[in-house]
Amino acid sequence: MSISEGKIADVVRARKIIEPIIVQVSNVQSVEKTQDVVKAKIHDNKYQITTIFKLKDTALLKRLKDFMLIKVIQGSVHVPQNISKTLVVAISNFEIVDATLKKLINTCPLEKIDHLDKIGTAPIVRTGVPVSHQQAAPADLSKGKITPFSLLTTFGSKLIIKGRVVSKNDKFKYAKGNLFSFVLQDKDGAEIKATCFNDVCDEKFDQIKVGETYYITKADYKQSNGKGYRSAKMIDLDMIIGKYTIIQKSSDEVPMISSIVPIADLVESPVDATYDICAFLVDKGPEQTYKNEKAKVTLTFMDQSSYAVEVDFWNEDIDKTKDMENGVVYVLTSLKLKEFKYKTLTVTKATKILSNTDIEQYDEASLVNKFIQEHTTPEGITVSDLRYLANETTVEFKSGDIRTADQLYCLRKLEEKTSETSEDVKANVYGYFTMFKVDNGFCYLSCPDCKKKIVEGSTFCEKCQKDIQPMRRFIVRASIADSTSSIWVTIFDEEMKKIIGKSADEMYEINEQDSELFENLFKQLTFIECRFHLICKKDEYNGETRTRFTVNFIQVLDNIASGTEEMKSLERMANDMKNGIIGIEEEH
């Protein structure tokens with residue numbers, strides 16, 4: 001185990017522990033009348049600094065002795081107002097790495113600790129300027145090293161990036177002032193969203209122009225919250241342009257990389273991202289109105305891949321469709337890919353519709369025009385191998401199942417993922433049913449039309465306001481497991497009927513007549529390999545936040561060839577569970 005040499009200086013510059021460091025402790029002293037505070041010094045073989053340990057775990061503090069090696073996990077730097085006072089690191093979390101000195105590698109000799117460089121004051125700071133922005137930037141940013149967007153991190157404020165502005169939104173007001181945002185694309189085609197607020201918004205709005213290329217440094221980067229309209233090419237960070245951010249126009253432009261996606265590629269593309277398409281209009285549907293007073297017009301577009309997709313225009317966006325004509329080629333940008341029974345595209349606030357001379361810059365436009373010419377007959381445009389995205393992304397169409405686009409997790413990684421975010425998570429999991437919890441009920445009475453729950457014994461639906469013949473629907477709790485963990489999930493009617501082969505009404509009758517057969521029908525489903533598509537949501541229960549896992553889709557993998565790596569993995573998983581190697585946690 002080695003000491004993190006020189007890292008204390010980085011902690012002082014950052015004003016906090018960015019990542020764990022290993023240091024040695026000396027001069028440990030207890031503080032009178034307190035049990036949760038200890039004063040000491042720490043060093044990293046190069047620098048020494050005064051430290052205050054403040055923890056609720058008093059037992060751990062009592063174990064702290066001179067010359068121990070510890071890993072500092074959490075802490076911050078206290079900079080005193082009076083420069084005559086000593087700089088102090090306040091440590092709130094640490095681990096004892098070694099208390100014997102026998103396993104230490106490259107530690108400073110004990111007699112030389114007091115001769116190390118002592119950090120007692122903070123680096124000189126320009127008032128009001130963040131530490132990360134104080135390093136001087138080159139006068140000409142083109143002379144500096146350019147960082148690709150894919151390598152940016154939240155600590156990348158000192159880095160220089162170069163990108164072409166591919167889109168820019170108008171200013172708009174929010175609770176604390178004005179803002180506008182724009183999207184940059186680098187030479188590799190990666191994109192990042194940049195936002196300017198208030199005074200910076202007013203200053204930079206006229207400076208930033210679509211199509212121009214800029215060098216940028218001393219911007220702030222934060223993890224994207226995933227909200228808003230995000231291109232599939234966008235990285236997971238957003239950029240904030242601040243008053244210390246430097247933006248220089250480049251004479252050497254980043255070449256434009258087309259973001260046009262063939263419609264055929266949308267079969268396997270992730271939903272809730274935005275895409276650009278170049279296609280010709282095939283059909284314009286009638287305007288539809290709904291009970292919530294919303295209106296929708298659906299247009300169908302086709303491109304050179306022989307695939308057609310529906311694009312929904314809602315409310316005020318319907319006006320954009322009035323002058324659109326069948327057979328004309330259009331470029332539609334920032335369309336959001338949605339999933340409800342099948343995949344469709346929806347117009348967003350950022351969507352732009354281009355045609356005629358505005359699309360000459362797109363190579364895809366010439367490909368679509370060529371496709372039209374090759375398939376034009378006296379009767380019109382005829383495509384014999386036409387395929388609809390809607391038909392190929394329904395649940396029943398296995399090879400184009402949209403759910404394969406969501407990430408594959410083992411259960412342990414999925415639990416970690418859901419614990420780290422408050423957002424909903426969609427995931428694929430390979431595993432087995434290990435138990436069905438049906439002793440407290442497995443179905444409910446419902447209206448056959450609206451599916452609303454009906455009180456036992458009633459034949460009247462409050463929502464539909466009519467007499468009905470109630471039907472039972474499944475709602476089953478089950479445990480699923482893989483080789484890493486197990487979780488409890490909820491399975492609803494459609495998926496439960498598919499795997500058990502009977503309706504909830506039939507299972508209710510079986511349970512009334514033969515409870516043993518009823519139990520066996522569920523038991524026969526255990527340890528059968530399946531692919532589960534899960535929707536993971538956070539909810540509150542008795543004041544506690546927990547994750548609710550719902551099965552959105554189940555595919556029984558009885559068609560996997562024996563001897564394949566996937567089958568071998570599943571077989572090992574089954575043996576582990578049957579032999580008790582993998583435990584199944586009881587539901588609370």
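Which residue does the side chain of glutamate 212 meet in a salt bridge? The partner is lysine 249, with 3.4 Å from N to O. The legends below refer to a predicted model.

**Figure 1. Overview of the predicted protein.** The chain holds 10 helices and 33 strands. Of its 588 residues, 44% count as buried. Contacts between residues at least 6 apart in sequence include 63% that join residues at least 24 apart. The accessible surface amounts to about 32,600 Å², and carbon and sulfur atoms account for 48% of that area. The number of salt bridges in the model is 20.

**Figure 2. The salt bridge between glutamate 212 and lysine 249.** The two side chains meet at 3.4 Å, N to O. Glutamate 212 belongs to the loop between helix H3 (198-204) and strand E11 (213-217), whereas lysine 249 is part of strand E14, so the pair ties together parts of the chain that are 37 residues apart in sequence. Lysine 249 has a relative accessible area of 56% and is therefore classed as exposed, the cut-off for this class being over 50%.

**Figure 3. The salt bridge between glutamate 253 and arginine 164.** The closest N and O atoms of this pair are 3.8 Å apart. Distant parts of the chain are linked here: glutamate 253 sits in the loop between strand E14 (246-249) and strand E15 (274-284), and arginine 164 in strand E7 (residues 160-168), with 89 residues separating them. The partners fall into separate accessibility classes: glutamate 253, at 42% relative accessibility, is partly exposed, while arginine 164, at 15%, is buried. Arginine 164 is assigned to the buried class because its 15% relative accessibility lies under the 20% limit.

**Figure 4. The surroundings of arginine 164 in strand E7.** Besides the salt bridge to glutamate 253, a polar atom of the arginine 164 side chain lies 3.1 Å from the backbone oxygen of valine 254. Neighbours within four places in sequence are left aside in the contact list of arginine 164, which comprises Val183, Leu184, Gln185, Gly211, Glu212, Thr213, Glu253, Val254, Pro255 and Met256. Glu212, named in this list, is also the residue whose side chain meets that of lysine 249 in Figure 2.

**Figure 5. The salt bridge between lysine 322 and aspartate 319.** A distance of 3.3 Å separates the closest N and O atoms of the two residues. Lysine 322 counts as exposed at 61% relative accessibility, and aspartate 319 as partly exposed at 49%. Elsewhere, Arg473, Asp493, Glu494 and Lys497 are joined into one network by salt bridges that share partners. Side chains of opposite charge can pair when their charged atoms come close.

**Figure 6. Pairing of strand E33 with strands E31 and E32.** Strand E31 (residues 486-492) and strand E33 (residues 544-556) run parallel and are joined by three bridges. Within this pairing, threonine 490 stands opposite threonine 550 of E33. Strand E32 (residues 529-541) pairs with E33 in the antiparallel sense, over 12 bridges. Here cysteine 536 stands opposite phenylalanine 549 of E33.

**Figure 7. The hairpin formed by strands E32 and E33.** Two residues lie between the strands of this hairpin. Asparagine 542, located in the turn, has a positive phi of about 55°. In a regular strand, side chains alternate between the two faces of the sheet.

Conventions. Residues numbered from 1 in each chain as written. Predicted model: local features only at pLDDT ≥ 70, side-chain atom pairs only at ≥ 80, totals over all residues. Heavy atoms only, no water. Salt bridge = Lys/Arg side-chain N within 4 Å of Asp/Glu carboxyl O. Helix = DSSP H or I, 4+ residues; strand = E, 2+ residues; numbered from the N terminus. Buried < 20%, exposed > 50% of the residue type's maximum accessible area, 1.4 Å probe, protein only. Contact = heavy atoms within 4.5 Å. Areas by Shrake-Rupley, 256 points an atom, 1.4 Å probe, with all protein chains shown as cover. Polar contact = N/O pair within 3.5 Å; in protein donor to acceptor, adjacent residues only side chain to side chain. Pairing = 2+ DSSP bridges.
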